[in-house]
Amino acid sequence: MPPPDAEKAVAAPGFILIRNPAFPVPELPVVEERPRGRSYDAADVAPYFAEGRLAEAKAAFDRGAYAEARVLLEGANPSAPVRYLRALAALRGEAYAAAAEEMSALANDYPPMRDRCLTHAGTAYAQLEKWDLAAESLSKVSRESRLYADARLALFRVLRGAGKPDDAVEAIAPLANLPPPGWGRDPA
């Protein structure tokens, strides 16, 4: 967080700045920003859903008709983006068994979305109370991923639900040492 305005002010001549020991300002190390790959958005998958049944399925998904979208995607082109939309429709439509199975399989077949698929699979397994499978999926999310903190927090909830509180605390311990981000939320 940026410092309050009072700490940004320049001291008037003849005055010195005395830091309040009750509110220490830690010296944070400069962290080198690592390239995390390019961001994917709707434009990247638009060509897959441009016409025919795939366009209808995408429209159904966008309006929240997840079961209809899954039916329209049945037997469609088995490309990775189409399979991802089908699995995501299962997850959003609360068909957790199908979502968990499809997202787990897709994690191996769709490298750009691997961490997202693993996180979704872990969420679906958690809804089914298959704690071991959920923990396995969530623990595979790479440390470099943008979803690492979310996956670790989900892993904490899964392990706590499985009755393993010590493992749950161990799962979120790496978050405490993450450097603060320049923007957004700070999971640490």
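1. Read from start to end, the chain runs α-α-α-α-α-α-α-α-α-α. The model is a predicted one. The count is 10 helices and zero strands.

2. Burial comes next. The chain has 188 residues, and 31% of them count as buried. Its accessible surface comes to about 12,600 Å². Carbon and sulfur atoms hold 56% of that surface.

3. On contacts along the sequence, take those in the chain with a separation of 6 or more. Residues 24 or more positions apart account for 42% of these contacts.

4. One helix pair deserves a look: α8, residues 131-139, and α9, residues 148-161. Their axes come within 9 Å and cross at roughly 160°. Angles over 145 degrees count as roughly antiparallel, so α8 is roughly antiparallel to α9. The crossing of α8 past α9 is left-handed.

5. Which residues make the contact between α8 and α9? From α8 come Trp-131, Ala-134, Ala-135, Leu-138 and Ser-139. From α9 come Ala-151, Arg-152, Ala-154, Leu-155, Val-158, Leu-159 and Gly-161.

6. How do the residues of the α8 contact with α9 divide into nonpolar, polar and charged? Nine are nonpolar, two are polar and one is charged. Arg counts as charged, and Arg-152 sits on the α9 side of the contact. Gly counts as polar; Gly-161 is also contributed by α9. Ser-139, on the α8 side, belongs with the polar residues too.

Notes: Residues are numbered from 1 along each chain as its sequence is written. This is a predicted model: local features need pLDDT of at least 70, side-chain atom pairs count only at pLDDT 80 or more; totals for chains, interfaces and linings use all residues. Side-chain values use heavy atoms; hydrogens and water are left out. Helices (H or I, at least four residues) and strands (E, at least two) are DSSP runs, numbered from the N terminus. Buried means under 20% relative accessible area, exposed over 50%, partly exposed in between (1.4 Å probe, protein chains only). Contact means heavy atoms within 4.5 Å. Accessible areas come from the Shrake-Rupley method with a 1.4 Å probe; for residues, only the protein chains shown count as cover. Axes are lines fitted to C-alpha atoms, for helices over the stretch in contact, and angles run from 0 to 180 degrees between N-to-C directions. Angles under 35 degrees count as roughly parallel, over 145 as roughly antiparallel, 65 to 115 as roughly perpendicular and the rest as oblique. A crossing is left-handed if the near helix is turned anticlockwise from the far one by less than a right angle, and right-handed if clockwise.
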